[in-house]
Amino acid sequence: MADYESVLCVKNNVHVYRIPPRPSNRGYRASDWKLDAPDWDGRLRVVAKGKELFIKLEDKTSGELFAQCPVDNHPGLAVESVTDSSRYFVIRIKDESGRSAFIGIGFDDRSDSFDLNVALQDHFKWLKKEEEAQVTTKEFNTGPKLDLGFKEGQTITINVAKTKKYVGSETTSSKPRPKGGNSGVFLPPPPGGVKLPPPTGGVLPQTFSAPPSGNVSQPQSQSQVNNSSGHVDLLDFDFGESPSSGSVNSAPAKPVQGNSDPWGDFTGAGLGHQ
């Protein structure tokens with residue numbers, strides 16, 4: 001099955017520069033380039049196809065390939081950072097005929113250069129893990145195989161500890177239960193559940209609600225109660241003065257003449273009862 005291409009990183013704005021030859025063994029310097037006048041602007045893509053990795057420079061609009069850099073190792077000669085900046089790199093491009101050249105690339109944002117480094121490092125870490133897995137699989141297949149099967153007549157014994165026994169609907173544990181009425185499993189009821197006894201006498205106290213303020217009624221007199229109940233008190237009714245009773249009732253009461261003897265009344269009262 002043919003390997004498919006996977007895009008590891010895409011940057012839509014990259015600058016390409018023509019660089020002078022390396023001045024010394026100490027490395028390239030971006031300050032020696034014409035940073036204000038790049039020779040080409042376009043898009044950068046990092047593409048992996050199986051174990052191969054490419055950095056492709058393409059046109060932003062049409063997607064036409066401008067140049068590509070095959071990366072066989074990182075860090076290495078294919079991609080090299082400059083000594084005076086973290087946003088610029090020197091890459092080695094190759095054509096189909098095998099000719100190669102070194103050009104400079106740069107980004108406007110520092111995070112773009114960081115993403116490029118991470119994409120290259122992750123690819124080669126994955127390759128290293130794949131190689132280690134293949135070596136481990138090869139050693140396992142070629143090494144002596146461990147036979148874990150049972151030999152003829154070989155038996156094993158397994159001891160299973162019985163922790164619980166089910167008797168009917170009750171479940172009993174193998175551990176002895178502590179003696180005593182309360183084993184700590186059932187808690188006493190909370191104090192809020194205790195009901196208080198009724199008051200002495202067997203009669204529950206009655207509560208009277210006070211009348212609303214401003215509506216307190218005054219106690220009524222006996223006459224008002226009688227009038228309000230519809231009964232007429234004949235004793236209080238004025239029939240007028242009759243001629244026959246006028247002489248009796250109109251006679252003024254004679255004043256009681258005082259006696260100089262304080263014991264006179266008591267003496268007369270005692271003689272009358274003898």
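In this predicted model, F66 is partly exposed, with a relative accessibility of 43%. The ring of F66 forms an aromatic pair with that of W40. The two rings are stacked, with 4.3 Å from centre to centre and an angle of 5 degrees between their planes. W40 belongs to strand β2, which covers residues 40-49, while F66 belongs to strand β4, which covers residues 65-71, so the pair ties together parts of the chain that are 26 residues apart in sequence. Unlike its partly exposed partner, W40 is buried, because its relative accessible area of 16% falls under the 20% limit for that class. The aromatic pairs in the model come to five. Ring pairs also link Y17, W33 and Y88 into a cluster.

Both members of the stacked pair also touch E58. This residue lies in strand β3, formed by residues 52-58, and is buried, with 6% relative accessible area. Two arginine side chains make polar contacts with the side chain of E58: the contact with R43 spans 2.7 Å, and the contact with R45 spans 2.9 Å. When residues up to four places away in sequence are left aside, E58 touches W40, G42, R43, R45, G63, E64, L65 and F66.

A further set of polar contacts involves N13, a residue of strand β1 (residues 5-17). N13 is partly exposed, at 28% relative accessibility. Its side chain makes a polar contact of 2.9 Å with the side chain of D108 and another, of 3.4 Å, with the side chain of K60. N13 and D108 are 95 residues apart along the chain, yet their C-alpha atoms are separated by 7.8 Å. Beyond residues up to four places away in sequence, N13 touches G42, K60, F107 and D108. G42 thus appears among the contacts of N13 and also among those of E58.

On the surface of the model, a nonpolar patch is formed by F150, I156, I158 and V160. Together these residues present about 490 Å² of accessible area. F150 is located in the loop between α1 (110-142) and β8 (164-167). With a relative accessibility of 58%, F150 is classed as exposed, because the limit for that class is over 50%. The aromatic residues described here therefore include a buried one, W40, a partly exposed one, F66, and an exposed one, F150.

Key. Residues are numbered from 1 along each chain as its sequence is written. This is a predicted model: local features need pLDDT of at least 70, side-chain atom pairs count only at pLDDT 80 or more; totals for chains, interfaces and linings use all residues. Side-chain values use heavy atoms; hydrogens and water are left out. Rings of Phe, Tyr and Trp (its six-membered ring) pair if their centres lie within 6.5 Å; planes under 30 degrees apart count as stacked, over 60 as edge-to-face and the rest as tilted. Helices (H or I, at least four residues) and strands (E, at least two) are DSSP runs, numbered from the N terminus. Buried means under 20% relative accessible area, exposed over 50%, partly exposed in between (1.4 Å probe, protein chains only). Patches are made of residues with over 30% relative accessible area and no salt bridge: like charges are joined within 9 Å, nonpolar side chains (Val, Leu, Ile, Met, Phe, Trp, Tyr) within 5 Å. Accessible areas come from the Shrake-Rupley method with a 1.4 Å probe; for residues, only the protein chains shown count as cover. A salt bridge is a side-chain nitrogen of Lys or Arg within 4 Å of a carboxyl oxygen of Asp or Glu. A polar contact is a pair of N or O atoms within 3.5 Å; within protein, one must be able to donate a hydrogen and the other to accept it, and residues adjacent in sequence count only if both atoms are side-chain atoms. Contact means heavy atoms within 4.5 Å.
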